[in-house]
Amino acid sequence: MEQAFRIAEIERSHAGGDRIVGLFRYDGFERGKRGTNLLLIADIDSTLYAYEQLLDTLNEATEQTRRLLAAFEGDPMARFEKLVQRLNEAVATFVEREPTAIAWNRVNLFLLEYHDGLLCVTGTGRLANMFLQKQPDGGWKGFDLFGSLEQPAEVDPKKPFASFICGDLKPGDVLFAGTRNFDGMRGELKIAEHLKTLPPVTAALEIKQELDRRNVSDDFAGVAAWLSPLTREEKIQVVEEAGKSTRSVEKLYAHEQETEGVLSPAIRPPKPAATLVGMFAELTSRLKNRRPKSADPVAVAGLRNTAAGHGSTLTVKRKRQLIAGGILLAVILAGAWWFQNDRKLKAEQALWNSVYDQAVDRKTQAEANIVYNNDNRARQLLKEGRDLANGLDEKTIERREARQKLLGEFEDIATRLRHEVTVMEPPEIATATLGAPDEALTTVSAAGGSVFATDTSARQLIEVKPATRETKRHDLPQGLGRLIASWPGTSGIYLLDDQRKLFVFDQEEGTFSQVAWTASQVSSTSAFAVYGRRFYMLDTQSNMVWRYAPSGSGIAQETAYLKQNSAELANATAIAVDQNVWLAFRDGTVKRYSTGAEDTFALPAIDPPLTNISAMWTDDVSNLFVVTDAVGKRVLVFRKDGRLIVQYTSPALTGPTSVHADRDAKKIYVVDNNKVYQFDLPNP
């Protein structure tokens with residue numbers, strides 16, 4: 001059974017690092033073999049521009065050499081030796097022209113290639129690695145693969161990759177490789193245990209999640225590599241590739257010579273082309289050498305009357321020679337111009353094709369990351385691919401069509417990443433009284449199969465059963481000021497006004513009663529939420545969230561919930577509570593607090609950017625939270641790990657101001673422009 005080389009990436013970035021770490025993958029389809037066959041891992045103790053240029057040089061040389069070796073069908077070790085030779089030449093050329101000295105004791109670079117069942121490694125410095133070889137008895141045997149490389153005491157800048165090793169990679173074997181900081185956390189991350197007991201891709205995910213849980217302030221980059229059988233689609237491509245013409249070493253040599261002449265003239269400069277001045281001087285010299293000697297003066301005088309033409313350089317024969325020479329010169333000049341222009345066009349097309357292929361590669365990887373719900377990585381790949389495609393010219397019809405098609409495919413990916421759903425006519429659940437001023441309909445909540453909205457113009461609480469549209473209106477109690485928020489609780493629907501008065505509506509009795517509230521430190525009531533039997537009040541003036549517990553028929557035991565907080569709450573707009581406390585801000589950010597301390601949660605970048613949040617909902621059962629964007633006129637649903645599930649847009653939305661969801665009915669209810677609209681609550 002044919003096997004494909006697979007890798008799973010483990011990456012964690014930390015802002016403000018003083019190192020350069022990275023993974024460079026080179027994917028391709030070579031001779032029917034599917035999968036990643038080249039991988040470069042970098043860990044450099046510096047952020048100087050010279051080291052970034054060194055990585056760019058290696059990346060470019062690897063890409064060019066990979067294309068050169070596409071026609072090679074010989075020994076994989078000979079193929080890898082050729083690759084290492086090219087990389088050393090590229091580094092030597094870079095070091096000669098780079099004014100900044102490279103401190104090689106800071107550089108740790110390793111290159112891996114899998115080809116025809118053979119895994120080859122070269123490198124300089126030291127990286128964390130673990131090669132686990134599956135034994136016949138089901139056990140494992142571990143090796144330090146990178147440590148097996150012979151490295152000199154001091155790195156030779158002209159040959160930094162001093163040696164390489166190759167060996168078999170068999171089904172069941174697993175290789176882990178990564179930056180040096182993995183060595184110090186092998187036990188904590190349980191790297192060996194995960195690789196031995198879990199599928200490699202799951203093991204890589206567990207290691208990544210463990211890094212995230214520990215919140216280590218450092219940059220990590222690593223991979224798990226293994227073999228797995230080809231998928232059905234890959235097998236079909238293998239058959240198609242097998243039907244193509246056979247390549248040979250001679251074709252490699254010819255391909256190499258042509259590409260060297262076009263893409264790498266600095267490695268082997270071509271012979272100087274003939275110039276116009278040189279060719280004209282050569283032609284003049286030849287004509288001078290062929291000029292006949294001067295005729296005898298006596299003979300010329302005797303023949304002058306006959307006009308025989310002796311002694312003239314512009315005889316008919318010479319005129320013909322000059323004309324022929326001029327034509328020949330014109331042909332030579334035209335041929336030289338055509339040859340130079342043809343070479344230039346070929347080099348330009350080769351470069352265009354290379355950039356185009358890289359953009360297509362980013363597109364393919366972005367689509368794969370969407371399938372695996374890795375939206376952040378997909379957005380990064382989408383940006384890289386778009387930047388590459390935008391840099392392509394449209395000098396020919398073929399280029400223009402290829403570029404426009406690729407940009408269209410990138411736009412399709414962007415649309416998928418937006419998770420945008422447009423609802424032309426969302427169901428209208430309730431409306432304010434006829435003639436009510438703007439924003440008369442304020443808060444919305446849902447409980448017991450009913451939806452509740454407050455109509456401040458009519459001073460009524462509207463109760464609607466969405467299934468039947470049965471509607472009841474309950475007069476608000478005297479003494480209730482401007483409503484701030486409403487939230488369902490164990491005793492009914494709680495209503496909070498701007499005078500710090502709290503009322504509860506009994507759904508069964510249809511009556512209101514005021515809740516005794518002992519509050520001594522609260523300065524303002526911007527929003528509140530109920531979690532179980534506890535109440536949480538957002539006080540923007542005091543920069544605090546206050547927590548209360550039931551006490552008789554009221555609430556008391558006022559406690560300052562926040563103990564560590566980096567944000568000013570003056571711009572906070574909403575609060576929701578599950579096991580944690582969630583705060584939404586006017587600038588579109590969401591913060592999460594656990595036992596009073598702010599954690600590292602942050603919403604990912606989305607398209608279009610979220611710059612405003614007017615309301616928020618979640619509960620302790622659902623794995624989702626919902627926010628409304630009054631400026632962007634949309635309703636967004638996120639998972640609690642931050643992944644965007646859907647963003648609803650509609651011509652009916654003009655600026656939603658309140659939101660609540662009914663988890664059992666799987667519906668979202670939104671207040672917008674004196675109306676309550678209904679949207680679907682998606683599955684997590």
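Which residue stands opposite V581 in β26? Select V577, which is that residue. The tour returns to this pair after an overview.

**Before starting**

This is a predicted model, in which local features need pLDDT of at least 70 and side-chain atom pairs count only at pLDDT 80 or more, while totals for chains, interfaces and linings use all residues. Residues are numbered from 1 along each chain as its sequence is written, and side-chain values use heavy atoms, with hydrogens and water left out.

**The whole chain**

Show the protein chain as a cartoon: it has 12 helices and 35 strands. Helices (H or I, at least four residues) and strands (E, at least two) are DSSP runs, numbered from the N terminus. Of the 684 residues, 44% are buried. Buried means under 20% relative accessible area, exposed means over 50%, and partly exposed lies in between (1.4 Å probe, protein chains only).

Switch to a surface view. The accessible surface comes to about 35000 Å², and 51% of this belongs to carbon and sulfur atoms. Accessible areas come from the Shrake-Rupley method with a 1.4 Å probe; for residues, only the protein chains shown count as cover. Among contacts (heavy atoms within 4.5 Å) between residues at least 6 apart in sequence, 59% join residues at least 24 apart.

**Strand β26 and its partners**

Select residues 581-585, which are strand β26. Five of the five residues are buried, so the strand is largely enclosed by the rest of the structure. In a regular strand the side chains alternate between the two faces of the sheet. Here V581, L583 and F585 are on one side of β26, W582 and A584 are on the other, and all are buried.

Next, add residues 572-577, strand β25, which runs antiparallel to β26 and is joined to it by five bridges. Two strands pair if DSSP finds at least two bridges between them. V577 and V581 stand opposite each other here, and a hairpin of three residues joins β25 to β26.

Then add residues 590-594, strand β27, which is antiparallel to β26 with four bridges between them. L583 has K591 in β27 as its bridge partner. The hairpin of β26 and β27 has four residues between the strands, and in this hairpin G588 takes a positive phi near 95 degrees.

**The disulfide**

How many disulfides are counted? The count comes to one, a disulfide being a pair of cysteine sulfur atoms within 2.5 Å. Select C120 and C166, whose sulfur atoms are 2.0 Å apart. C120 lies in strand β5 (residues 118-124) and C166 in strand β8 (residues 164-168), so the pair ties together parts that are 46 residues apart in sequence. The link is right-handed, with 110 degrees about the S-S bond. C120 is buried, at 1% relative accessible area, whereas C166 is partly exposed, at 26%.

**Arginine R547**

Select R547 in strand β23 (residues 544-551). R547 is partly exposed, with a relative accessible area of 23%. Beyond its neighbours within four places in sequence, R547 is in contact with R534, F535, Y536, Q557, E558, T559 and Y561. Draw a distance from R547 to F528: the two are 9.8 Å apart, C-alpha to C-alpha, and 19 residues apart in sequence.

**Last stop: helix α10**

Select I323 in helix α10 (residues 316-371). I323 counts as exposed, at 56% relative accessibility. Add I327 and V331 to see, together with I323, a nonpolar surface patch with about 300 Å² of accessible area. Patches are made of residues with over 30% relative accessible area and no salt bridge; like charges are joined within 9 Å, and nonpolar side chains (Val, Leu, Ile, Met, Phe, Trp, Tyr) within 5 Å. A salt bridge is a side-chain nitrogen of Lys or Arg within 4 Å of a carboxyl oxygen of Asp or Glu.
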